[in-house]
Amino acid sequence: MRLRHARRLSAFTLIELLVVIAIIALLIGLLLPAVQRVREASARVRCANNLKQIALGLHAHHDATGSFPPAYMWVSGMMPRFIPIPPGAGPGGGPIGNPIAPQPMLFDRPAPSSYLEPVWPGWGWATLILPHLEQESLFRQINLSAPAGGTQSAAIHAIPLKVYSCPSDSHAGTFEMQTLLGTKLLDVATNSYAACYGGGSTLNLTENPELGNGMFFRNSKVRIMDVTDGVSNTFMIGERAALFTQAPWVGVINEGTLRTTPNAPVEQSLVHPPHPMVMARVKHKLLNEPWSEPYDFFGPHPWGMNAAFGDGSVRQIRSSISIEVFRALATRASAEVLPQSE
C-alpha cells in the first residue's frame, strides 16, 4: 500500500503579517522626517540663492544710480480718490469708530472716516531692480509714471516671479487683493521677501513710511556710506512669507490692504494700509512670533528666515534671536554693539 504525503503549503501567519506591517510602518516613520529635512535643506538653499540674486541686483542698482532703490516711489500732491467708509461697515452692523460695536484692528487703532493716504505711483524696490535680475524685457513694459495697480499695469502685476518666491512658501503665487471693505481690487503676484524699514520700539511704519531707520523707506536713497553700523551688520531684505501675509512684488497699490493670510500660523488676523506691502520692520515682536502682524518679518522655515545683508551676503536669522540684536541688525546708523555670539 502506497502512502500519499500531502504537500504542505507555506504561508504567512496573521502574526507574521502584522509584524511585517509594523516594521514597514516604523521604517516609513523614520524615513519621512529625513525626507522632510532634505526637502527643507534644498528649499533653504534655493531661497538663499533668490536672496543672493536680489542682493546683487540691489548693489547693481547702487552702482548705476549712486544709491539703493526706495522701498517705493511716491509723489506728493497726487490725489487718487478716497474710499469713504459708510455707516454699517463695522462688525455687527455698527459704524467703524463706534466704541460700542466691535472694531477691526486696521491701523493699530480704529479705522479713520476715510480710507488711506493716497499712494502714487507706488512702484517698489523689487520692480526697480528687474533690469539687474535678467528681467529687462519685463521692465521695459512698465510705465513708472503710471500707478502700480492701474489698469495699464494689469499685464505686469499678476506675473509670478521665481526670484521673489521662496520654495518653502506654500502661498506664493497669485492672490486676490482686497479693499478695506473686503471687495476684490485686483489679482497680483506675491513676494516672499520684504525690504527692511528699520528697528526700534518707537517706529510707526503705517503713519510715517518715510521715517525708517533701516535701508529702505518711502522715497529712500540710502547709500553705502550712509550705513555707519556697517553693511555686514545691517540686513537689507528679509523673508515675509505669503503664508503669513500676501503682498505684491510690484510695489504699493493704492486702495489695497495688507492682510493676514487665512489660516496663517499666527494667533490674530489683521488688516493694514498699503504702505507696508513692500517693507517690514522690527519693533517689539520676536521673529515668527505667534502674535506677529503683517508688517513684521516672518519666515516660512522652521528655524526662522534668510536675510540679505548690505555687504551682499545671505545669512540665517533664527527665531531664537533676541529682540535687541534683531533690532540692531535692522538699523543702518544707530551705533548698536552686536554681541559676538549672535
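**View 1. Strand E5 alongside strand E9.** In this predicted model, strand E5, spanning residues 193-199, pairs with E9 over 4 bridges, and the two run in the parallel sense. To get your bearings in the close-up, look for Gly198, which sits opposite Arg281 of E9. How many of the residues of E5 are buried? The count is 7 of 7, so to speak a mostly covered strand.

**View 2. Strand E5 alongside strand E6.** Here we turn to the pairing of E5 with E6, the strand made of residues 235-239. This pair is antiparallel and held to 3 bridges. A handy landmark is Ala195, whose bridge partner in E6 is Ile237.

**View 3. The sheet around E5.** Zooming out a bit, which strands make up the open sheet, and in what order? Reading across, you get E9-E5-E6-E10-E11, 5 strands with mixed pairing. The edges are strand E9 (279-282) and strand E11 (314-318), each of which pairs on one side only. Neighbouring strands of this sheet are turned against each other by 40° on average, ignoring direction.

**View 4. The second largest pocket.** Now for some empty space: this pocket, the second largest, has a volume of about 220 Å³. Rolling a probe the size of a water molecule over the atoms is what shows where such space is left. Which residues line the second largest pocket? From the earlier part of the numbering come Arg46, Asn49, Asn50 and Gln53, then Leu133 and Gln135, and finally Leu161, Lys162, Val163, Ser165, Cys166 and Pro167. Sorted by class, that lining holds 5 nonpolar, 5 polar and 2 charged residues.

**View 5. The whole chain, for context.** Stepping back from the close-ups, the protein's secondary structure adds up to 5 helices and 11 strands. Of its 342 residues, 49% count as buried. What about contacts between residues at least 6 apart in sequence: what share of them joins residues at least 24 apart? In this protein the share is 69%.

Notes
Residues are numbered from 1 along each chain as its sequence is written. This is a predicted model: local features need pLDDT of at least 70, side-chain atom pairs count only at pLDDT 80 or more; totals for chains, interfaces and linings use all residues. Side-chain values use heavy atoms; hydrogens and water are left out. Two strands pair if DSSP finds at least two bridges between them. Axes are lines fitted to C-alpha atoms, for helices over the stretch in contact, and angles run from 0 to 180 degrees between N-to-C directions. On a 1 Å grid over the protein atoms alone, a cavity is a set of points where a 1.4 Å probe fits but cannot get out, and a pocket is an open set with protein on both sides within 12 Å along at least five of seven lines; lining residues have an atom within 4 Å of a point. Grid points are joined across faces, edges and corners, and a volume is the space filled by probe spheres set on the points. Ala, Val, Leu, Ile, Met, Phe, Trp, Tyr, Cys and Pro count as nonpolar, Asp, Glu, Lys and Arg as charged, and the others, Gly among them, as polar. Buried means under 20% relative accessible area, exposed over 50%, partly exposed in between (1.4 Å probe, protein chains only). Contact means heavy atoms within 4.5 Å.
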